[in-house]
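Please look through the structure shown below before reading on. The report that follows takes up a few parts of it in turn.

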Amino acid sequence: MVYPGRLEIDDAMKLPIYMDNHATTPVDPRVFEAMKPYFTTVFGNSASRNHSFGWEAEEATEKARKQIAAIIGATAKEIVFTSGATESNNLAIKGVAEMYAEKGNHIITAATEHKAVLDTCKRLEKDGVRVTYLAVQQNGLVDLDQLREAITDKTILITIMYANNEIGVLQPIAEIGKIAKERGVLFHTDATQAVGKVPVDVIKENVDLLSISAHKMYGPKGVGALYVRRRNPRVQLTAQIDGGGHERGMRSGTLNVPGIVGLGEACALAKAEMPEESKRMEYLRDKMKDRLLASLDEVYINGTMEHRLPNNLNISFAYVEGESLLMGINDIAVSSGSACTSATLEPSYVLKALGAGDDLAHSSIRFGLGRFNTEEEVDYVTAKVIDVVKKLRELSPLYEMHKEGIDLTKVQWTAH
Amino acid sequence: MAYSNKVLDHYNNPRNVGSMDKADPNVGTGMVGAPECGDVMKLQVKVNPETGVIEDAKFKTFGCGSAIASSSLATEWLRGKTVDEALEIKNTDIVNELSLPPVKIHCSVLAEDAIKAAIGDYKKKTAGRSQSVGVSS
């Protein structure tokens, strides 16, 4: 398999290496092939009911609806197409808050959620909704007892992500679903990073609303879906985008037919290949992790390894600053939780929530393996990271002090 | 972010990396920054007590590429300067030389602080020495 449009240097490994698959993924060429006819040939509006152009488009979107429903154990009628997971999260949370305002005004979420959830909750707080932000444990998981205690008779929604986009930890979704059902509270999960990577089942896990994005699973950008449960209970939402009443009134706007076809095909491929692919991801990820841990001292894995996406590794190389590490591995595309790499100049709030200390957030790198990474690439990345970390530690006054046995937490630093 | 060629050059070939004996009476040591802020610079100067000229300068930096480049450049500039000349180095000189973007100006400020701290430490040591010399004579 080759990356579309990637620089060809030699027949074997190509540089730069893309290992940032939590940010986005390339469109799988098979997905791209499936989408192609829907741009130029089958271009109809799926809402056109009186000619074959419309019928063909509708047939395509309904096939995709089934493919998407199948990967999460839902039925086709429970899928609402959106522009992506950010919109799905907005629709789920704001839609429930508005629709169920008479029932209550309290939402429970977690500190490590994606900004699309956190900022949506913050917006609702301005409108009088009360939001509880659960702290997470050091392993990155929410504490179920804390969750139980946070529920009041005013709670209308629990929104907890399936898999974290930075540290890849998998929240105890089935347990949360069970608690929500017992207490009569709706449960939404942002499953952007999880769908297509790990098995998801909205029935077994008692999920009422679930957000999906295409571009995190080898589909195109700009398309996603929201699962909205229709039975036991039937979930209702107040639309956030008004117009022609598409998607049973929940999300107006002409359907992005090629995008939806792409999302459907991406789901079908992921479902068929998940057993093998997740094993391969886990093998490559663990090979990388084991080598890094064996070759370098003072290396810390962020978040539990026990409940984790098979393709995620988030690791802090103590006494080395993340951006300088990225600079040294500039033929490899990964992310850092360092303040210097963020627009806000603040270190990762997810890593801070683990309570590991800002210094380890500054030293963190997120590796996101993907379908198109080869073992050769993983070996190259591992060796290069080890090399650059060693080089930067030669430069690091903190590593020198650590080696001298100085406790860095007891040093009086000059804040700036 | 795109780095200037000079930042890349200092990052790839940092000048004067290392440590000198902190206890040496002719060595001034400055350590500025904090790990939780994402950058710590250690800068040392070795001064010829006869001439007041900085004969050697060394650094170690935990921080981004611009912080490493700023401190590496500082050691280059310090060598051969007198202690008083060294205090005239301004962070804006570093910004201009390395073409640092606005978000990286704090790296140059930190380098200037490190220079001042190292020279300050040296001056403290010599002040103590001249005093003791005065007493004994």
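## Two helices that cross

At roughly what angle do the axes of helix H3 and helix H8 of chain A cross? In this predicted model, the axes of H3(A), residues 52-72, and H8(A), residues 257-295, cross at roughly 35 degrees and come within 8 Å. The crossing of H3(A) and H8(A) is left-handed. Two packed helices are described by the angle between their axes and the distance between the axes.

The contact of H3(A) with H8(A) draws on residues of both helices, with A:Ala57, A:Ala60, A:Thr61 and A:Lys63 among those on the side of H3(A), and with A:Val257, A:Ile260, A:Val261 and A:Leu263 among those on the side of H8(A). When the residues of this contact are sorted by kind, 13 are nonpolar, three are polar and two are charged.

## The sheet of chain A

Chain A contains an open sheet of seven strands, which follow one another in the order E2-E8-E7-E6-E5-E3-E4 with mixed pairing. Strand E2 (79-82) and strand E4 (130-134) of chain A each have a single partner strand, so one side of each is left without a neighbour in the sheet, and these two strands stand at the edges. From one strand to the next, the twist averages 20 degrees.

At one edge, E2(A) runs antiparallel to strand E8 (residues 224-228) of chain A, and four bridges join the two; within this pair, A:Val80 has A:Leu226 of E8(A) as its bridge partner. Both faces of E2(A) are covered, since A:Ile79 and A:Phe81 on one side are buried, as are A:Val80 and A:Thr82 on the other. At the other edge, E4(A) pairs with strand E3 (residues 106-110) of chain A in the parallel sense over five bridges, and A:Ile107 stands opposite A:Val131 in E4(A).

## Helices packed on the sheet

Helix H5 (residues 115-126) of chain A packs on the sheet, where it touches E3, E4, strand E5 (155-159) and strand E6 (186-190) of chain A. The direction of H5(A) makes about 155 degrees with that of E3(A). Helix H7 (residues 173-183) of chain A also packs on the sheet, touching E5 and E6 of chain A, and its direction makes about 155 degrees with that of E6(A).

## A buried lysine

Is A:Lys94, which has 20 other C-beta atoms within 10 Å, buried or exposed? A residue is buried if 20 or more other C-beta atoms lie within 10 Å of its own, and A:Lys94, with 20 such atoms, is therefore buried.

The place of A:Lys94 is in helix H4 (residues 85-99) of chain A. If residues up to four places away in sequence are not counted, A:Lys94 touches A:Thr120, A:Leu124 and A:Gln240. The C-alpha atoms of A:Lys94 and A:Thr238 are separated by 7.7 Å, although these residues are 144 residues apart along the chain.

## Unusual backbone geometry

Most residues other than glycine have a negative phi, and most peptide bonds are trans. A cis peptide bond joins A:Leu15 and A:Pro16, with omega about -5 degrees, and A:Pro16 is found in the segment before strand E1 (17-18) of chain A. The peptide bond from A:Asn232 to A:Pro233 is cis as well, with omega near 0 degrees, and A:Pro233 lies in the loop between E8 and H8 of chain A.

A:Tyr218, which is not a glycine, has a positive phi of about 70 degrees. This residue, A:Tyr218, is in the loop between strand E7 (209-213) and E8 of chain A, and it counts as buried with 27 C-beta neighbours inside 10 Å. In chain B, B:Ser99 has a positive phi near 50 degrees; B:Ser99 is found in the loop between helix H4 (91-98) and helix H5 (105-136) of chain B, and it is exposed, with 12 other C-beta atoms within 10 Å.

## Where the two chains meet

The contact between the chains takes 25 residues from chain A and 24 residues from chain B. On the side of chain B that touches chain A, strand E1 (27-34), strand E2 (39-47), strand E3 (54-62) and helix H2 (65-78) of chain B each supply at least two residues, and the largest share, four residues, comes from E1(B). The residues on this side of chain B divide into 14 nonpolar, six polar and four charged.

## Confidence in chain A

The mean pLDDT of chain A is 95, and 96% of its residues reach 70 or more. Over residues 1-5 of chain A, however, the pLDDT is below 50, and this stretch has five contacts in the model beyond near neighbours in sequence. Where pLDDT is low, the predicted coordinates should not be read in detail.

Note on methods: Residues numbered from 1 in each chain as written. Chains lettered and ligands numbered in written order. Predicted model: local features only at pLDDT ≥ 70, side-chain atom pairs only at ≥ 80, totals over all residues. Contact = placed C-beta atoms within 7 Å. Nonpolar A, V, L, I, M, F, W, Y, C, P; charged D, E, K, R; others polar. pLDDT = per-residue confidence, 0-100. Pairing = 2+ DSSP bridges. Axes fitted to C-alpha atoms, helices over the stretch in contact; angles between N-to-C directions. Left-handed = near helix turned anticlockwise from the far one by under 90°.
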